[in-house]
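Reader: I'm in my first year and still learning to read structures. Could you zoom in on the surface of this one for me, especially the charged side chains, and tell me who sits where?

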Amino acid sequence: KTHEITNYLNKRHINASAYHAGLSYGKKEKIETNFVKGKISAVVTTAALAAGVDFPASQVIFESLIMGNKWINSNEFSQMLGRAGRPRYHDRGIVYLIPEINNKFDGESEESMALTLLESDLDSVHIDYNEDEALEQILSDISSSSVKNSQDLINKYKKINIPIDIESALDI
């Protein structure tokens with residue numbers, strides 16, 4: 001479908017490229033570079049890739065709210081919305097939803113799902129660390145400079161249930 005939409009745009013003189021998991025690394029890299037340089041006006045991607053693609057796009061268009069065989073959830077939707085408008089590149093981001101009227105999936109219409117997603121908050125995320133994973137995360141926080149000192153680290157993990165004491169982790 002990414003190629004169908006890309007062809008549609010190209011026929012209307014919008015320079016677009018399809019971007020999906022079936023492309024080689026080199027081809028994806030070329031599309032990314034050309035988009036950043038402004039040589040490509042639009043990149044058409046699958047929902048799964050749109051959740052992680054880091055293009056400085058000013059606009060995001062949702063042709064569908066289905067990813068694979070299920071509706072996207074509020075966290076996925078929020079992640080994809082975040083692709084529109086990058087502070088270094090744009091003063092605002094624009095998001096278009098193009099739900100198909102009366103298109104039903106899993107007993108729900110696409111337009112009602114669009115409204116649900118637009119009105120939703122993010123779902124809580126719970127991470128269940130084992131000791132090694134907790135140590136790895138703490139080391140990552142320290143090495144990335146996301147914490148400035150041991151008190152910042154203690155404060156960060158105060159409300160997170162981890163299977164190791166922060167002081168013991170710092171000793172390790």
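Author: Let's start with the words for places: helices (H or I, at least four residues) and strands (E, at least two) are DSSP runs, numbered from the N terminus. What you're looking at is a predicted model, where local features need pLDDT of at least 70 and side-chain atom pairs count only at pLDDT 80 or more, while totals for chains, interfaces and linings use all residues. Residues are numbered from 1 along each chain as its sequence is written, and side-chain values use heavy atoms, with hydrogens and water left out.

First, the backdrop. The protein chain has eight helices and eight strands, and its C-alpha trace spans about 60 × 40 × 35 Å along the principal axes. Of its 172 residues, 30% are buried. Buried means under 20% relative accessible area, exposed means over 50%, and partly exposed is in between (1.4 Å probe, protein chains only). The areas come from the Shrake-Rupley method with a 1.4 Å probe, and for residues only the protein chains shown count as cover.

Now the pairs. Side chains of opposite charge can pair when their charged atoms come close. A salt bridge here is a side-chain nitrogen of Lys or Arg within 4 Å of a carboxyl oxygen of Asp or Glu, and searching the whole structure turns up three of them.

Take E63 and K1, whose side chains meet in a salt bridge at 2.9 Å, N to O. E63 sits in the loop between β3 and β4 (66-67), and K1 in the segment before α1 (2-11), so this pair ties together parts that are 62 residues apart in sequence. How covered up are these two? K1 is exposed, at 58% relative accessible area, whereas E63 is partly exposed, at 34%.

Another bridge joins D141 to K156, with the closest N and O atoms 3.0 Å apart. This pair also links distant parts of the chain, with D141 in helix α6 and K156 in helix α7 (residues 150-157), 15 residues apart. D141 counts as buried because its relative accessibility is 4%. Its partner K156 is partly exposed, at 37%.

Then there's K70 with E76, where the side chains meet at 3.4 Å, N to O. E76 has a relative accessible area of 19%, so it is buried, while K70 is partly exposed at 38%.

Next come the patches on the surface. Patches are made of residues with over 30% relative accessible area and no salt bridge; like charges are joined within 9 Å and nonpolar side chains (Val, Leu, Ile, Met, Phe, Trp, Tyr) within 5 Å. Lys and Arg count as positive, Asp and Glu as negative, and His and the chain ends are not counted. A charge's place is NZ of Lys, CZ of Arg, CG of Asp or CD of Glu.

On the negative side, D128, E131, D132, E133 and E136 gather in one surface patch. Have a look at E131: it lies in helix α6, residues 131-143. You met α6 a moment ago, as the home of D141. E131 has a relative accessibility of 41%, which makes it partly exposed.

On the positive side, the patch is made up of K27, K30, K37 and K39. K39 is in the loop between α2 (25-36) and β2 (42-45), and it is exposed, at 52% relative accessible area.

There's a patch without charge too: I61, Y96 and I98 make a nonpolar one of about 300 Å² on the surface. I61 belongs to strand β3, residues 59-62. With 54% relative accessibility, I61 counts as exposed.

Two loop residues are worth a stop before you go. N102, in the loop between β6 (94-97) and β7 (104-105), has a phi near 65°, a positive value in a residue other than glycine. D106 also has a positive phi without being glycine, near 55°, and you'll find D106 in the loop between β7 and β8 (108-109). Both residues are out in the open: N102 is exposed at 61%, and D106 is exposed at 70%.

One last loop residue is T46, between β2 and α3 (47-50). T46 is partly exposed, at 31%. Its C-alpha is 8.4 Å from that of A21, though the two are 25 residues apart in sequence.
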